[in-house]
Amino acid sequence: MAGRIEDYAFIGDARCAALVGRDGSVDWACMPRFDSDACFAALLGDERHGRWRLAPCDATGAARRCYRQDSLILEATFATERGVVRVIDFMPPGSRTPHLVRVVEGVKGAVAMAMDLRVRFGYGAALPWVQRTPGGATALAGPDALSLFTDVPLTVEDATVSAEFTVAEGQEASLVLGWHPSIEAPARSVEALRALGDTEAFWRGWSAQCTYEGAWREDVMRSLITLRALTFVPTGGIIAAPTTSLPESLGGVRNWDYRYCWLRDATFTLPALMGSGLREAAASWCGWLLRAVAGHPSQLQIMYGPSGERRLSEIELPWLPCYEGAAPVRIGNAAAGQLQLDVFGEVMNCIYQAREDRMAIEEETWHLQRALLHFLEKTWQEPDSGIWEVRGPRQHFTHSKVMSWVAFDRGVRTIERFGQDGPLERWREWGTSRRRSRTSRW
C-alpha cells in the first residue's frame with residue numbers, strides 16, 4: 001500500500017518530478033516531463049506498479065527528514081540497532097536527460113541497506129526488459145529506458161533489480177538512475193557527489209535572488225522553491241501538481257490529473273514571484289501565458305500542457321487500484337474543454353499586474369486583450385462550468401460574473417494608466433452598469 005499523501009516529499013529538476021516516502025521508497029515519478037507516463041506508480045497501487053525503495057534492512061522507525069536549507073535536496077536519516085545512515089535524494093537541474101540520484105552516507109556504526117528497483121513504464125502497465133550492463137542495469141520498454149549506475153553489486157530477477165550492501169561510518173554509496181530514449185545508448189551517468197554539489201549551488205544561487213525578508217520567511221522560501229521546481233523550465237509554464245488522481249476526499253470520484261498549467265493560477269503566481277524579487281521566473285511564466293492563450297478568444301482554455309499543449313484528452317486507467325479507494329485513476333483532464341468565464345478576468349488581471357510591475361510586454365499583447373474583451377462582451381451572461389469545474393450542465397456562477405467585471409475593469413485601467421487605445425467609455429459604462437445593477441437575468 002502507498003503511504004499517506006502527507007508523508008511524501010517532493011524532488012524535481014524543473015522538467016520532471018518524483019515523490020519519496022518516509023520508508024525510502026520513490027512511489028511516483030514521471031520522466032522525462034511532468035506529464036510523461038509514470039515509471040513508478042506505486043502511489044496509486046502497490047509495488048507491482050513500480051517503485052524504487054532504498055532503506056536499511058532493519059530500520060527501527062520512520063526516517064527523520066528535511067531539505068537542505070533553501071534547496072530541493074532531501075535528506076532522510078534512518079536509525080537502526082547497528083547504526084545510523086543518511087539517504088540524500090535529489091534530481092540535478094540542467095541535465096540533458098533527467099537523473100534521480102540517491103546517496104547513502106554512513107553516520108554511525110555499520111548499517112545493512114536494501115535496494116529494490118521495480119521499473120514499470122506506462123503507469124505500471126508495461127513490464128520492461130531488464131538486463132545487466134557495465135556499471136549497473138537497464139530497463140526498457142517501448143520508447144523509454146532507465147539506466148541505473150552504481151558500484152553496489154546488483155541482482156536482476158523477474159524484471160526487478162535488487163541489492164544488499166553495508167555502509168559504515170564515513171563511507172558512501174551512490175545510485176544514479178537516468179532516463180533516456182530506448183533507441184539511444186544510456187546517457188553517461190552523472191557523478192553523484194559532483195552533481196550533489198552542483199545541485200546545492202544551483203538552488204542556493206536561485207534562492208539568493210529572493211528579496212523577501214518578512215514574517216515566516218522560511219515557509220515563504222520553501223513555497224517559492226516549490227513553484228520553481230514545478231516550472232517546466234524550457235517554456236516557463238508552471239504545473240499545478242506533479243501527480244494525478246490523488247483524491248479530493250478519500251474514496252471519492254473527484255480524482256483529477258493536475259500535471260498541467262491553469263490560467264487561474266497566474267493570478268496568484270505572478271505577484272508571488274514579483275513580490276519576492278524573482279523577476280526572471282515571473283517573466284518566464286508571463287511569457288508562457290501569452291503564448292498559450294494566443295489565438296481566437298473562443299478557443300481560450302482554462303489549462304494547457306507544460307509547453308502550451310491544448311489537447312489534454314482524458315482517459316481512465318483500470319489496471320491501477322487507485323489511492324485509498326478513490327477510483328477511477330485518470331490521466332489527461334477533460335476540464336480543458338470547459339467554458340469558465342472567470343479565466344478572462346484572470347488573464348486580464350495578470351497582464352495588468354505585469355504592466356504595473358514594468359515587465360516587458362509586446363505590443364501585440366494589447367490586440368489579444370482587446371479581442372478577449374470583445375468576445376467576453378457577447379458571452380459573459382452565458383452559463384459556464386465555474387471555478388469548481390462542474391461536470392454537468394452549465395450553470396450561472398457569481399464568481400464567473402465578478403471576474404468578467406474584473407476583465408473589463410483591467411481593460412479600462414490599462415487604457416487610462418498605460419495609454420492604450422480602446423473603447424474606453426463603452427467598457428467603463430459596461431463595468432459601471434453591471435456593478436450598480438441590482439438585478440439581472442442570471
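Buried here means under 20% relative accessible area. Keep that cut-off in mind for the views below, which all come from a predicted model.

**View 1. S400, a buried serine in helix α8.**
With a relative accessible area of 0%, S400 falls under the cut-off and so counts as buried. The helix it sits in, α8, runs over residues 398-418. Leaving out residues up to four places away in sequence, S400 touches L341, D342, D384 and G386.

**View 2. Helix α3 and its buried side.**
Here we're looking at residues 217-229, which make up the 13 residues of α3. From first C-alpha to last, the helix reaches 18 Å, close to the 18 Å expected at 1.5 Å a residue. Its buried residues are M221, L224, I225, R228 and A229. Why do they sit on the same side of α3? Because they cover an arc of only 140° around the axis. As for what lies over these buried residues, the cover includes the strands β1 (9-12) and β16 (231-232), along with the helices α2 (192-207) and α4 (263-274).

**View 3. The largest cavity and its lining.**
The count of cavities of 30 Å³ or more comes to two, and this view takes the largest, with about 50 Å³ of space inside. Around it you'll find L117, V119, V130, A137, T138, A139, L146, L148, A159, V161 and L177. Two elements, β11 (136-141) and β12 (144-150), each supply at least two residues of this lining. Of the elements involved, β11 gives the most, with three residues. What's the chemical make-up of the lining? Ten of its residues are nonpolar, one is polar and none is charged.

**View 4. The second largest cavity, with charged residues in its lining.**
About 40 Å³ of space lies in this one. The lining is made up of V20, G21, R22, G24, R65, L74, A76, F78, V87, D89 and R102. Two or more of these residues come from each of β7 (74-79) and β8 (83-90). Which element gives the most to this lining? That's β7, with three residues. By class, the second largest cavity is lined by five nonpolar, two polar and four charged residues, whereas the lining of the largest cavity has no charged ones.

Definitions and conventions: Residues are numbered from 1 along each chain as its sequence is written. This is a predicted model: local features need pLDDT of at least 70, side-chain atom pairs count only at pLDDT 80 or more; totals for chains, interfaces and linings use all residues. Side-chain values use heavy atoms; hydrogens and water are left out. On a 1 Å grid over the protein atoms alone, a cavity is a set of points where a 1.4 Å probe fits but cannot get out, and a pocket is an open set with protein on both sides within 12 Å along at least five of seven lines; lining residues have an atom within 4 Å of a point. Grid points are joined across faces, edges and corners, and a volume is the space filled by probe spheres set on the points. Helices (H or I, at least four residues) and strands (E, at least two) are DSSP runs, numbered from the N terminus. Ala, Val, Leu, Ile, Met, Phe, Trp, Tyr, Cys and Pro count as nonpolar, Asp, Glu, Lys and Arg as charged, and the others, Gly among them, as polar. The expected span of a helix is 1.5 Å times one less than its number of residues. Buried means under 20% relative accessible area, exposed over 50%, partly exposed in between (1.4 Å probe, protein chains only). The arc is that of the directions from the helix axis to the C-beta atoms. Contact means heavy atoms within 4.5 Å.
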